[in-house]
Amino acid sequence: MIPLKNTATRSSCSIPSLFISLSILCILPISLFFFRSSPTPLSLNPQINLQTSPNFIKVYVPNLPRSLNYGLLENYWDLDSDSRIGSEVDNQIRKTHIGKSSKNSLPYPENPIIKQYSAEYWILGDLMSPEKLKLGSFAKRVFTAEEADVIFVPFFATLSAEMQLIVNKGVFRKKEGNEDYQRQRMVVDYLKQTEAWKRSGGRDHVFVITDPVAMWHVKAEVAPAILLVVDFGGWYKLDSKASNESSSDMIHHTQVSLLKDVIVPYTHLLPRLPLSENQKREILLYFKGAKHRHRGGIVREKLWDLLINEPRVVMEEGFPNATGKEQSIKGMRTSEFCLHPAGDTPTSCRLFDAIQSLCIPVIISDNIELPFEGMVDYSKLAVFVSVSDALQLSWLVNHLRSYSYEQKDRFRHNMAVVQPIFEYENGQPGGIGPISPNGAINYIWRKVHQKLPMINEAIIREKRKPPGVSVPLRCHCT
């Protein structure tokens, strides 16, 4: 019996040990799975999220008339000149280069007023690229609407609007004699006749509407679609009218929503500064732009008056011409922080110029929406300040002076990591050719891909509604 007792004693000790060992073996693979599958924050490693994402999104491009996209480019470069501020560089290009360029490889305008909204050109260029050149693209072009996840509308809405402002600004808000309105109408009327639009109500169609005045006359008609916009500022006026609330603070977005739409970056206007070329910065805070703005931009004028006489703060009134560009490059590259207050809309390309210049953005815009959130943690590369705090005497400069050298250096390192994802240009003639796998275009399509379950649900829900029952006006995607 004694041996048996001893064996039992040993067994009673080994059973818990065995249980613990098995538990560890079971837990270890699970823990390893979570550690391996949890994506690293994009501000630290922009490649990881792309590698763990689905391989592609299937995109169909309807055969709209060339006059609605690349034909508009031909019309733009055929103009004798453009007298607006910032057009000097394009006037020079007309004289020296355009006659030598193929109509299939025309550049997008360099005028900063237009160039900042050039996403439409680069996204379409990627889709038009031969399949053998699209190895790094997240968007896979398909040639029937039935096999597509989404339908991309190849309309250069920004260029159409800007052409009208150049040729005859006086009729821009009118319909009669307005060629931009006629083009908008042509696009919408064409799409509404297609089986694809009838099937989804336009919810799976993608429009690039980066310029706040683009598609002005038909916004209500394209609102159900997926809208690629730089912010929601161009929609405030329409939404305020649609709201029953008397308070201007109560804006009910019935046409735009983060549930279905995608915030995209402006095209930056200043060249990228590599971290290795960063030098000592003597200026604390820098801003260049117009002092007087409308709507939410009124805060800019108040900030200007508060900051203009502060030491190591530079506030410059300027315009987007060649001289202004050189001043901005110098100012942003020699400043620790760059001010980003709201203007006519909550954001501007100034933010992306600051990131390319490694100048830490100071964002004072309570209603701002930013591109690729959830992929980029902006708190790791920018300073966010409420309007109420910023308008207190000396509060802002004291707050910025409180940041240590190590904190500012960390901000700049994180900006250097995300610089590539705000880049549209691929250096190819006509924008047609290989794109960077980690550039803006792929991140836009990944964001669109994230919206698909909600959009498909909305399409299915709409099918079962009895005649005469409409979707609630909370948002066209619900």
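This is a guided tour of a predicted model, going from the whole chain to single residues that can be selected in turn.

**The whole chain**

Begin with the protein in cartoon view, where 18 helices and eleven strands can be traced. Of its 478 residues, 51% count as buried, and the accessible surface comes to about 23100 Å², with 56% of that area belonging to carbon and sulfur atoms. Among contacts with a separation of 6 or more, those between residues 24 or more positions apart account for 71%.

**The disulfide**

Next, select Cys338 and Cys359 and show their side chains, since a disulfide joins these two cysteines with an S to S distance of 2.1 Å. The structure holds one disulfide, and the link of Cys338 and Cys359 is right-handed, with 105° about the S-S bond. Which parts of the chain does this link tie together? Cys338 belongs to strand β9, residues 335–341, whereas Cys359 sits in the loop between α14 (350–356) and β10 (360–364), so the pair connects parts that are 21 residues apart in sequence. Are the two cysteines buried or exposed? Cys338 counts as buried because its relative accessibility is 2%, under the 20% cut-off, and Cys359 likewise counts as buried, at 0%. While the sticks are on, Cys349 may be added to the selection; this cysteine is also buried, at 10% relative accessibility.

Staying in the loop between α14 and β10, select Leu358. This residue has a positive phi of about 60° although it is not a glycine, and Leu358 is buried, with a relative accessibility of 0%. For a second residue of this kind, move to Arg312, which also has a positive phi of about 60° without being a glycine. Arg312 is found in the loop between α12 (298–307) and β8 (313–317) and, at 43% relative accessibility, counts as partly exposed.

**Aromatic rings**

Now show the aromatic side chains, among which a search of the whole structure finds 14 aromatic pairs. One of these pairs is made by Tyr266 and Phe352, whose ring centres are 6.2 Å apart; the pair counts as tilted because the planes meet at 35°, between the limits of 30 and 60 degrees. Tyr266 lies in the loop between β6 (262–263) and β7 (283–289), and Phe352 lies in helix α14, so the pair ties together parts 86 residues apart in sequence. Both rings belong to buried residues, with a relative accessible area of 2% for Tyr266 and 1% for Phe352. Widen the selection to Tyr117, Tyr266, Phe352, Phe372, Phe422 and Tyr443, and one aromatic cluster comes into view.

Two further rings have a charged side chain over the face. Select Lys140 with Phe56, where the lysine lies 6.0 Å from the ring centre, and then Arg173 with Trp216, where the arginine lies over the ring at 4.0 Å from its centre.

**Two helices**

Helix α17 can be picked by selecting residues 405–418; these 14 residues reach 20 Å from first C-alpha to last, close to the 20 Å expected at 1.5 Å a residue. Colour Lys408, Phe411, Arg412, Asn414, Met415, Ala416 and Val418, which are the buried residues of α17. Residues three or four places apart on an α-helix point the same way, because there are 3.6 residues a turn. Which elements do the buried residues of α17 pack against? They pack against β9, α14, β10 and β11 (383–384), and two of these elements have already appeared at the disulfide: β9 holds Cys338, and β10 borders the loop with Cys359.

For helix α6, select residues 119–128, of which nine out of ten are buried, so that the helix is mostly covered. Among the buried residues are Glu120 and Asp126, together with Tyr121, Trp122, Ile123 and Leu124.

**Asn69 and its contacts**

From Leu124, step across to Asn69, which is in contact with that leucine. Asn69 lies in the loop between β1 (57–60) and α3 (70–78) and is buried, with a relative accessible area of 7%. Leaving aside neighbours within four places in sequence, the contacts of Asn69 are Leu64, Leu124, Pro154 and Phe156. To end the tour, draw a distance between the C-alpha atoms of Asn69 and Pro154: these atoms are separated by 6.5 Å, although the two residues are 85 residues apart along the chain.

Methods. Residues numbered from 1 in each chain as written. Predicted model: local features only at pLDDT ≥ 70, side-chain atom pairs only at ≥ 80, totals over all residues. Heavy atoms only, no water. Helix = DSSP H or I, 4+ residues; strand = E, 2+ residues; numbered from the N terminus. Buried < 20%, exposed > 50% of the residue type's maximum accessible area, 1.4 Å probe, protein only. Contact = heavy atoms within 4.5 Å. Areas by Shrake-Rupley, 256 points an atom, 1.4 Å probe, with all protein chains shown as cover. Disulfide = S-S within 2.5 Å. Phe/Tyr/Trp six-rings, centres within 6.5 Å; stacked < 30°, edge-to-face > 60°. Lys NZ or Arg CZ within 6 Å of the ring centre and 35° of its normal. Expected span 1.5 Å × (residues − 1).
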